[in-house]
Amino acid sequence: MSVDTQKETLGFQAEIQQLLKLMIHSLYSNKEIFLRELISNASDAADKLRFEALTDNALYEGNSDLNIRISFDKDQRTVTVSDNGIGMSREEVIDHIGTIAKSGTRQFFESLTGDQAKDTRLIGQFGVGFYSAFIVADKVTLTTRRAGSGQGVRWESNGEGTYTLEAVDKPTRGTEVTLHLRPDEDEFLDNYRLRNIISKYSDHISLPIIMKASGKDADIDKGETVNRASALWVRPKKDITEQEYAEFYKHVSHDFEEPLAHIHTRVEGNQSYTTLFYVPKRAPFDLWDRDGRHGIKLYVRRVFIMDDAEQLMPNYLRFVRGVVDSDDLPLNVSREILQRNKSIDTIRAASVKKVLGVLEDLASNEPEKYAAFWKEFGRVMKEGPVEDLANRERIAKLLRFASTHTDTEAQDVALEHYVARMKTGQDKIYYVTADSFAAAKNSPHLEIFRKKGIEVLLLSDRVDEWLTSHLNDFAGKPLQSIAKGDLDLGELEDQAQKDELEKAAGELKDLTTRMKETLGDKVKEVRISQRLTRSPSCLVVEEHDMAVNFQKMLKAAGHAVPSTAPILEINPQHPLVVRLNNETDAQRIADWTHILFDQALLNEGGQLDDPTAFVQRLNDMLMLLTK
Ligand code: ADP
């Protein structure tokens with residue numbers, strides 16, 4: 001076939017340059033992984049072909065024997081990985097090899113620190129795949145032809161900003177990647193060395209990996225299958241080593257680190273299927289991206305059906321990676337069918353239980369690992385009680401929070417532990433929510449609780465408001481915000497203090513009425529507080545109103561939220577309040593009232609309507625000191 005072989009030079013997406021540089025430096029000590037990455041891509045390409053061929057058998061072009069071939073040439077100093085998988089069209093090469101098609105790439109690059117150890121970890125999470133070839137090669141040539149298309153394309157680059165593309169004849173479908181090794185990388189021109197790497201990292205690949213050497217010093221002439229070539233999850237658990245599990249994880253997850261835990265289950269019965277799930281050690285960079293990848297690959301009787309099968313795992317478990325292989329689903333199952341499929345519902349429900357089970361095991365038996373897990377994925381798990389009503393109790397037990405028990409930012413308090421420590425007479429689980437840990441810890445609402453030694457959970461993740469609006473109780477104890485409603489300490493209340501407050505409320509009646517008039521619609525009510533010991537004022541909302549913080553968050557996210565005015569509470573014992581009560585100058589009363597309100601709003605992490613006026617009033621008040 002005659003093809004237009006005109007060569008074109010194109011530029012990489014800016015980030016790729018940066019990625020290549022960083023990767024070569026950070027991954028050099030583990031450079032052999034380039035082979036794993038290329039084999040992993042080749043295996044994915046075969047999976048995709050097998051799946052597309054289900055509906056279009058012609059894509060096999062008469063050869064459905066899928067395999068990966070690895071060869072090296074000592075004379076040319078090249079290593080070549082080729083597959084007869086799906087291949088790529090010209091556009092696909094540009095999209096996949098010249099661009100990083102991952103959402104969140106920019107943010108990823110912004111998160112790099114320049115600290116090599118940290119960046120190495122980050123780059124592992126990002127997954128560098130194909131580009132890892134440049135760790136050992138100073139030129140990479142990729143020749144590919146998409147199954148079913150007549151035209152091949154060659155991509156070539158030295159990894160320095162540009163690549164060339166040209167149309168070529170390629171008789172066999174699939175992709176061939178040739179690495180022109182850097183001067184010091186001759187170690188890879190060795191049959192034994194390559195075989196070792198393959199068995200170390202890629203034994204679990206279910207396609208045959210065939211090795212063949214070429215060139216005049218060829219070690220072997222005939223191809224030889226050098227891996228086990230059977231799907232890992234089909235093998236009995238007892239025959240699979242930890243290392244094999246870990247390598248398979250790296251293949252399915254594109255992660256560079258070992259997983260934190262795995263669970264491998266075979267279910268036989270009405271429905272038969274195998275699941276192999278992994279909990280990663282670290283959150284992927286796109287965990288918070290709504291369009292980020294979901295980690296479950298669906299297979300039907302060993303045939304790959306789809307990546308990112310979001311129907312197989314609820315959103316709050318989106319960090320789980322792995323494989324579901326069903327014996328019963330039809331091979332032509334589509335995403336639409338998955339959404340309304342009973343078998344999928346059953347598999348999903350059982351899968352969730354398995355994953356929760358692994359997490360429970362970690363929490364009880366390996367608390368350090370669980371703490372590491374929580375640090376990475378806690379905020380995602382907190383979506384669980386909202387999303388998954390059926391498992392709410394189990395998930396609630398897995399939750400961890402910061403609390404006044406330790407007063408540290410580490411979220412390590414389980415609700416069970418909180419309940420076990422509750423004071424005699426305490427019937428609620430108290431919490432406070434704020435924008436930051438510091439704001440929660442220093443919240444004026446805590447004052448009375450600290451004084452009485454009652455533990456309060458300190459919640460400062462954005463998702464906490466959402467969580468607490470859905471998780472109303474735990475083990476029969478209601479969760480109660482200490483910034484909502486009338487403070488009801490139940491039996492913990494002290495009658496003498498209550499009487500004193502009532503008396504104060506009477507004495508300050510005129511003042512509170514006046515303050516309400518001054519603040520108008522900004523507040524629902526001004527009243528005497530039971531919560532405060534050190535601060536002069538704080539804001540609270542009614543029991544069923546949205547917390548001030550939460551209103552702000554929803555508004556920032558573009559939701560139309562009905563604004564509900566908060567209640568201003570003042571501390572009758574505070575010298576400022578006492579002084580205000582004796583004040584006669586109307587202007588001064590008004591100014592101080594605004595100051596007390598604005599301060600309380602600032603404490604909530606709120607924004608002042610008129611900061612200049614606040615500063616002005618504060619300065620006027622300070623000026624009094626100089627008089
Ligand atoms: P990842 O595999 O993590 O997506 P890579 O950089 O390794 O990232 O590959 C980018 C994309 O290029 C792949 O998602 C795939 O679409 C395409 N690709 C890479 N290698 C091959 C191959 N051997 N055959 C077909 N497509 C490939």
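Show the surface of the whole chain to begin: its accessible area comes to about 28,800 Å², and 48% of that belongs to carbon and sulfur atoms. Areas like this come from the Shrake-Rupley method with a 1.4 Å probe, and for residues only the protein chains shown count as cover. This is a predicted model, where local features need pLDDT of at least 70 and side-chain atom pairs count only at pLDDT 80 or more, while totals for chains, interfaces and linings use all residues. Residues are numbered from 1 along each chain as its sequence is written, and side-chain values use heavy atoms, with hydrogens and water left out.

**The whole chain**

Switch to a C-alpha trace. Along its principal axes, the trace spans about 105 × 60 × 40 Å. In cartoon view you can look for 23 helices and 23 strands; these are DSSP runs numbered from the N terminus, with helices being H or I of at least four residues and strands E of at least two.

How many of the 627 residues are buried? Buried residues make up 54% of them, where buried means under 20% relative accessible area, exposed means over 50%, and partly exposed lies in between (1.4 Å probe, protein chains only). Contacts (heavy atoms within 4.5 Å) often link distant parts of the sequence: of those with a separation of 6 or more, 72% are between residues 24 or more positions apart.

Now colour by charge. The chain has 82 positive and 101 negative side chains, and the centres of the two sets lie 2 Å apart. Lys and Arg count as positive, Asp and Glu as negative, and His and the chain ends are not counted; each charge is placed at NZ of Lys, CZ of Arg, CG of Asp or CD of Glu.

**Stop one: T80**

Select T80, found in strand β3 (residues 78-83). T80 counts as buried because its relative accessibility is 11%. Leaving aside residues up to four places away in sequence, T80 touches R69, I70, S71, E176, V177 and T178. With T178 there is also a polar contact of 3.0 Å between side chains. A polar contact is a pair of N or O atoms within 3.5 Å; within protein, one must be able to donate a hydrogen and the other to accept it, and residues adjacent in sequence count only if both atoms are side-chain atoms.

**Stop two: β4, β5 and β6**

Next, pick residues 137-145 (β4) and 152-157 (β5), which pair in the antiparallel sense over six bridges. Two strands pair if DSSP finds at least two bridges between them. Six residues separate β4 and β5 in their hairpin, where G148 takes a positive phi near 90 degrees.

Carry on to β6 (residues 162-168), joined to β5 by five antiparallel bridges. The β5-β6 hairpin has four residues between its strands, and G159 in the turn has a positive phi of about 75 degrees. Click on E156: T141 stands opposite E156 on the β4 side, and T164 is the bridge partner of E156 in β6.

**Stop three: H254 and R282**

Go to H254, in the loop between α8 (242-253) and β10 (261-267). H254 has a positive phi of about 60 degrees although it is not a glycine. It is partly exposed, with a relative accessible area of 23%.

Then jump to R282, in the loop between β11 (273-279) and β12 (295-300). Its side chain makes a polar contact with the side chain of E257 (2.6 Å). Show L122 too: R282 and L122 are 160 residues apart in sequence, but 9.4 Å apart in space, C-alpha to C-alpha.

**Stop four: around β12**

Is β12 mostly covered or uncovered? It is mostly covered, with six of its six residues buried. G295, K297 and Y299 point one way, while I296, L298 and V300 point the other.

β12 pairs in parallel with β14 (residues 321-326) over six bridges, and Y299 has D325 as its bridge partner there. With β13 (residues 303-306), β12 runs antiparallel over three bridges, and V300 stands opposite V303. Two residues lie between β12 and β13 in their hairpin. In that turn, R301 has a positive phi of about 45 degrees although it is not a glycine, and R301 is partly exposed at 37% relative accessible area.

**Last stop: a six-stranded sheet**

Finish with the open sheet ordered β16-β15-β18-β17-β20-β19, whose pairing is mixed. β16 (413-414) and β19 (473-474) stand at the edges, each with a single partner strand, so one side of each is left without a neighbour in the sheet. β15 (residues 400-403) pairs antiparallel with β16 over two bridges, with R400 and A414 as bridge partners.
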